[in-house]
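Here is a short walk through a protein model, written for someone who is new to reading structures. Have the sequence and the 3D view open as you go.

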Amino acid sequence: MPVVAAVAFPVFIFLLPLLMFLLLVPGYLSADEVRLLRVLFPFLMPFSSVLWFIVAHRLVPHRRSSYLHQLFVFLATAIFMFLMIRLGIYRIG
């Protein structure tokens, strides 16, 4: 069972931006699932953006991305999510 969890959590983080589009379909998700996605999105989005950056950087220029670039993407996304919450653009509750 730990192997399944070790694989499922990174896949969930990777697909998180796509799962957020399910919130636009009325009645597709239950209230608990909507709340889970809305709460986890601001905290897991920096990790998701780094995973997407690594995949895109590997597929498009066909080379590895540096840790400095990954850190920049992580910090930029974290600051962006903080500002969205702070300015009231994104509400968790």
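Of the 93 residues in the chain, 22% are buried; buried means under 20% relative accessible area, exposed means over 50%, and partly exposed is in between, using a 1.4 Å probe and protein chains only. Bear in mind that this is a predicted model, where local features need pLDDT of at least 70, side-chain atom pairs count only at pLDDT 80 or more, and totals for chains, interfaces and linings use all residues. Residues are numbered from 1 along each chain as its sequence is written, and side-chain values use heavy atoms, with hydrogens and water left out.

**The overall layout**

The chain has three helices and zero strands, and the pattern along the sequence reads α-α-α. Helices (H or I, at least four residues) and strands (E, at least two) are DSSP runs, numbered from the N terminus. Along the principal axes, the C-alpha atoms fill a box of roughly 40 × 40 × 25 Å. About 7,000 Å² of the chain is exposed, and carbon and sulfur atoms supply 76% of that area; accessible areas come from the Shrake-Rupley method with a 1.4 Å probe, and for residues only the protein chains shown count as cover.

Now for contacts, which are heavy atoms within 4.5 Å. Take those between residues at least 6 apart in sequence: 64% of them join residues at least 24 apart.

**Two helices with bends**

How far does α2 span between its end C-alpha atoms? A straight helix of 29 residues would span 42 Å at 1.5 Å a residue, but α2 spans only 37 Å. The expected span is 1.5 Å times one less than the number of residues. For α1, 19 residues should span 27 Å, and the end C-alpha atoms are 26 Å apart, which agrees.

Both α1 and α2 have a bend listed below. The bend at a residue is the angle between axes fitted to the seven residues ending there and the seven starting there.

| Helix | Place of the bend | Angle | Proline |
|---|---|---|---|
| α1 | F14 | about 45 degrees | P17 |
| α2 | L44 | about 55 degrees | P46 |

In α1 the kink comes shortly before P17, while in α2 the proline P46 follows L44 within four residues.

**What the helices hide**

In α1, the buried residues are I13, L16 and M20, and they pack against α2. The buried residues of α2 include L37, F41, L44, M45 and H57; as a group, the buried residues of α2 pack against α1 (2-20) and α3 (67-86).

Many of these names come back in the nonpolar core. A nonpolar core is a set of buried Ala, Val, Leu, Ile, Met, Phe, Trp, Tyr and Cys residues joined through side-chain atoms within 4.5 Å. The largest one here has 10 residues: I13, L16, M20, L37, F41, L44, M45, M81, M84 and Y90. The elements giving two or more residues to this core are α1, α2 and α3, and α2 gives the most, with four residues. One core member to click on is Y90: leaving out residues up to four places away in sequence, Y90 touches M20, L37, R38, F41, P42, M84 and I85.

**A few residues up close**

Start with H57 in helix α2 (residues 31-59). Is H57 buried or exposed? H57 is buried, because its relative accessible area is 14%. The H57 side chain reaches the backbone oxygen of R63 at 3.4 Å. This is a polar contact: a pair of N or O atoms within 3.5 Å, where within protein one must be able to donate a hydrogen and the other to accept it, and residues adjacent in sequence count only if both atoms are side-chain atoms. Beyond residues up to four places away, H57 touches H62, R63, R64 and S65.

H62 sits in the loop between α2 and α3. With a relative accessible area of 63%, H62 is exposed. H62 also has a positive phi of about 60 degrees, although it is not a glycine.

Over in helix α3 you'll find T77, which counts as buried at 13% relative accessibility. A polar atom of the T77 side chain lies 2.8 Å from the backbone oxygen of V73. Apart from neighbours within four places in sequence, T77 is in contact with M45, P46 and S49.

A76 is also found in α3, and it counts as partly exposed at 36% relative accessibility. A76 and S49 are 27 residues apart in sequence, and their C-alpha atoms are 9.7 Å apart in space.
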